[in-house]
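Colleague: Hello! I am new to reading protein models, and I would like to go through one with you. Could you show me how to read its features?

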Amino acid sequence: MKALRIAARQPLAVLVLVAAIFGGLTLTIWWLPLGLVIYGVVVWLAAQDPLLTAPPARPRPRITSPLLRTAINEIERSQREVERTVAGTQGALAGILTNVVTQTRDLVEEAYFLADKGQIIERYLASSDNQRLTQQVTQLDWQISATIDPFTRQQLEERRKTLLDQQKHLRDLRLYIDRILAQLANIDASLDTILAEVIRLRTADAVAMSSTSSNVQQRLADLRSDMEVFRKALDTVMTGI
């Protein structure tokens, strides 16, 4: 229903509807029902397009981190090699490899947003003074040991715990930078593997083609699934930055 509503407002459909009404009122009455039938056909055909209701593509973030930019460049190079190898493929294999290319493009998009989160973490770590936190904890340790008032000691200990939590958060974020780089390297390696599989597919017989193409698409789907789990964990650890 949503697709029909969107299709009904497409420029071509609106033009046909206006022509039908105008023709029915100024030329001959039978022009109106004929035009409405044509309008209905145009709307129905437009509604069959899956891209009609697809969400708009997210703009790619600008990756300025040299380390992450290098990783993205390698991923894009590998993905372009897949597309170059697929180009010119004909027959039944063309449809299979078109799906593979679409999935590799999706991987590149995911890699961009993963790298963007990485550079956000990098900037946050650069602005955080872990040495100052360590000095504050040391000072609090001295104050706690010298304090005999229970209430004051409790307040100091709570403050110390907060600082230790902040330090742990920074350690977790540094760990996730390494994990992001490892994930990006895994994407690049997977694309290289898929490139080899695509080359093999172009020379395979029908039985091998079916088996290999299924394996390739499953590998891509598994990688996307792993990235989704990792992204959720990353979103959790990035809360508050």
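What follows is a conversation about salt bridges, buried and exposed residues, and a few other features of this structure.

Modeller: Happy to help! Keep in mind from the start that this is a predicted model.

Colleague: Let's begin with salt bridges. What is the general idea?

Modeller: Side chains of opposite charge can pair when their charged atoms come close. In this structure, the count comes to twelve salt bridges.

Colleague: Which residue does D172 form a salt bridge with, and how far apart are the closest N and O atoms?

Modeller: The partner of D172 is K168, and their closest N and O atoms are 3.1 Å apart. Look at the helix to see how they are placed: D172 and K168 are four residues apart in helix α7, so about one helical turn separates them.

Colleague: Are D172 and K168 buried or exposed?

Modeller: The label depends on relative accessible area: under 20% is buried, over 50% is exposed, and in between is partly exposed. D172 has 24%, so it counts as partly exposed. K168 is partly exposed too, because its value is 44%.

Colleague: Let me try helix α8. Where do R231 and E228 lie in it, relative to each other?

Modeller: R231 and E228 are three residues apart in helix α8, about one turn of the helix. Their side chains meet in a salt bridge, at 2.7 Å from N to O. R231 counts as buried because its relative accessible area is 18%, while E228 is partly exposed at 32%.

Colleague: Which residues are joined into one network by salt bridges that share partners?

Modeller: That network joins R60, R69, E76 and E109. One of the bridges is between E76 and R69, with the closest N and O atoms 3.3 Å apart. E76 is buried because its relative accessibility is 14%, whereas R69, at 23%, is partly exposed.

Colleague: Now for a residue outside that group. Why is Q183 called buried?

Modeller: Q183 is called buried because its relative accessible area is 12%. You can find Q183 in helix α7, which spans residues 150–201. To see what it touches, leave aside the neighbours within four places in sequence: Q183 is then in contact with L114, L223, M227 and F230.

Colleague: And what about L45, buried or exposed?

Modeller: L45 is exposed, because its relative accessible area is 52%. This residue lies in helix α3, residues 31–47. Together with V37 and V41, L45 forms a nonpolar patch on the surface, and the three have about 270 Å² of accessible area together.

Colleague: How should I read a distance between residues that are far along the chain?

Modeller: Compare the gap along the chain with the separation in space. S214 and V100 are 114 residues apart along the chain, and their C-alpha atoms are separated by 10.0 Å. S214 itself is in helix α8, residues 206–237, and counts as partly exposed because its relative accessibility is 43%.

Colleague: One last topic, rings. Which ring does the charged end of R179 sit over?

Modeller: The charged end of R179 sits over the ring of Y176, 4.9 Å from the ring's centre.

Colleague: And how many aromatic pairs are there?

Modeller: The count comes to one aromatic pair.

Colleague: Thank you, I will look for these in the structure myself!

Note on methods. Residues are numbered from 1 along each chain as its sequence is written. This is a predicted model: local features need pLDDT of at least 70, side-chain atom pairs count only at pLDDT 80 or more; totals for chains, interfaces and linings use all residues. Side-chain values use heavy atoms; hydrogens and water are left out. Rings of Phe, Tyr and Trp (its six-membered ring) pair if their centres lie within 6.5 Å; planes under 30 degrees apart count as stacked, over 60 as edge-to-face and the rest as tilted. A charge sits over a ring if NZ of Lys or CZ of Arg is within 6 Å of the ring centre and within 35 degrees of the ring normal. Patches are made of residues with over 30% relative accessible area and no salt bridge: like charges are joined within 9 Å, nonpolar side chains (Val, Leu, Ile, Met, Phe, Trp, Tyr) within 5 Å. Accessible areas come from the Shrake-Rupley method with a 1.4 Å probe; for residues, only the protein chains shown count as cover. A salt bridge is a side-chain nitrogen of Lys or Arg within 4 Å of a carboxyl oxygen of Asp or Glu. Helices (H or I, at least four residues) and strands (E, at least two) are DSSP runs, numbered from the N terminus. Buried means under 20% relative accessible area, exposed over 50%, partly exposed in between (1.4 Å probe, protein chains only). Contact means heavy atoms within 4.5 Å.
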